[in-house]
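Let's take a friendly walk through a protein model together. Have the sequence and the 3D view ready, and look for each residue as it comes up.

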Amino acid sequence: MQVFYATQFVLQLPPGHRFPMVKYAMLRERLIAELADLVLCQAEPASDGELALVHVPSYIRGIADGSVDPRILREIGFPWSDAMADRARRSVGATLAACRAAIREGVAANIAGGTHHAYAERGGGFCVFNDAAVAARLMQVEWARQARGAVGRAGLRAGSGSRRNGPDAPLRVAVIDLDVHQGNGTARIFQGDDSVFTLSLHGAKNFPFRKEAGDLDVSLPDGCGDAEYLEALEGALDELDRRFSPGLVIYLAGADPHEGDRLGRLKLTWDGLEARDRRVFDWAWQRRVPLAMAMAGGYGHRVEDTVQAQVTTFQVAGQYWRRWQNVG
């Protein structure tokens with residue numbers, strides 16, 4: 001299974017900063033040591049043109065040269081630097097590459113990503129550019145280009161939802177966002193767009209305190225445990241199935257619903273998180289829809305716990321990737 005990373009581009013943060021930047025390198029080390037089926041690939045940065053499929057040019061320039069409004073930087077929560085700008089582009093680039101690999105092979109992943117609080121014109125909540133939104137738009141562009149150029153679309157392996165829609169229809173993308181915080185930026189970007197479906201399960205009283213209207217928002221109470229969460233997820237996936245047939249799933253597999261997360265306020269156990277992941281992968285597998293995964297949030301009291309949750313998610317992903325390799 002192909003996994004894309006930009007962990008060598010480390011953002012230097014002030015002492016005591018609450019964002020656990022070290023988790024990405026720790027996760028990469030664990031994956032290399034423990035999961036032999038993974039092929040780790042360095043991510044290339046997203047280009048200006050790719051970012052501009054979603055983000056306004058003035059914001060892209062502001063992040064590139066440091067001229068971005070200081071108020072936006074405060075909303076993002078990171079100090080500007082060349083490294084910050086480069087890492088943000090590579091985080092998007094890793095999700096772009098993961099989507100392309102998933103369309104070819106069924107499942108692929110970004111070690112980071114899931115930057116769902118970024119709007120078209122600004123970032124926020126530790127998110128600079130919205131990788132899932134840019135990826136959805138770029139995959140639609142590439143799908144349309146290849147559909148025009150090849151009757152059989154031999155290089156694409158998108159799911160049945162897109163095939164049923166015919167060669168002239170856009171690639172339909174479902175963003176399944178299971179970070180504990182609502183993907184407000186993603187929801188806003190795709191409001192009124194029937195080619196992208198945004199599904200979010202999130203804490204009702206958690207950040208962002210002003211939610212945006214996505215296609216399907218499921219708000220959960222503080223203290224929500226495994227049984228209640230999994231019942232809500234099952235209902236949400238059933239509703240997604242009734243309303244939308246995707247050709248690609250982008251899954252934000254946040255570790256922050258775990259009971260040990262500093263910012264999560266939910267109470268999922270290790271078993272609950274694994275059951276969540278299995279249900280999402282199984283939903284996509286049953287419909288033969290390729291799935292690209294980004295890790296999104298995780299702020300455990302112990303960084304090791306966040307990394308352990310993410311390792312388990314990769315173990316589940318690898319199992320479903322192997323199923324895809326046996327599809328004729």
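**Unusual backbone and open pockets**

We begin with Arg265, which sits in the loop between strand 7 (248-252) and helix 10 (270-286). Keep in mind that you are looking at a predicted model. What is worth noticing about the backbone here? Arg265 has a positive phi of about 70°, even though it is not a glycine. To see why that deserves a second look, remember that most residues other than glycine have a negative phi. Is Arg265 buried or exposed, or something in between? With a relative accessible area of 39%, Arg265 is partly exposed.

Now move to Phe126, in the loop between strand 3 (107-110) and helix 6 (131-149). Phe126 is not a glycine either, yet its phi is positive, at about 70°. Its surroundings can be described with one number: Phe126 has a relative accessibility of 14%. Because buried means under 20%, Phe126 counts as buried.

A third backbone feature involves a peptide bond. In general, most peptide bonds are trans. The bond from Phe207 to Pro208, however, is cis, with omega near -5°. You can find Pro208 in the loop between strand 5 (196-203) and strand 6 (216-220).

Next, let's turn to empty space. Rolling a probe the size of a water molecule over the atoms shows where such space is left. How much space lies in the largest pocket? The answer is about 510 Å³. This pocket is lined by 36 residues, and the closest to its centre are His117, Gly125, Phe126, Cys127 and Tyr299. So we meet Phe126 again, the buried residue that is also among those closest to the centre of the largest pocket. The elements that give two or more residues to this lining are helix 1 (22-34), helix 4 (70-76) and helix 5 (82-105). Helix 5 gives the most, with five residues. Sorted by class, the lining of the largest pocket has 18 nonpolar, 11 polar and seven charged residues.

Finally, look for the second largest pocket, with a volume of about 190 Å³. Which of its 14 lining residues are the closest to its centre? They are Glu75, Tyr119, Arg122, Asn184 and Pro208. Pro208 is familiar too, as the residue that follows Phe207 across the cis peptide bond. By class, the lining of the second largest pocket has four nonpolar, five polar and five charged residues.

Note on methods. Residues numbered from 1 in each chain as written. Predicted model: local features only at pLDDT ≥ 70, side-chain atom pairs only at ≥ 80, totals over all residues. Heavy atoms only, no water. Helix = DSSP H or I, 4+ residues; strand = E, 2+ residues; numbered from the N terminus. Buried < 20%, exposed > 50% of the residue type's maximum accessible area, 1.4 Å probe, protein only. 1 Å grid on protein atoms, 1.4 Å probe; cavity = no way out; pocket = protein on both sides within 12 Å on 5 of 7 lines; lining within 4 Å. Points joined across faces, edges and corners; volume = space filled by probe spheres on them. Nonpolar A, V, L, I, M, F, W, Y, C, P; charged D, E, K, R; others polar.
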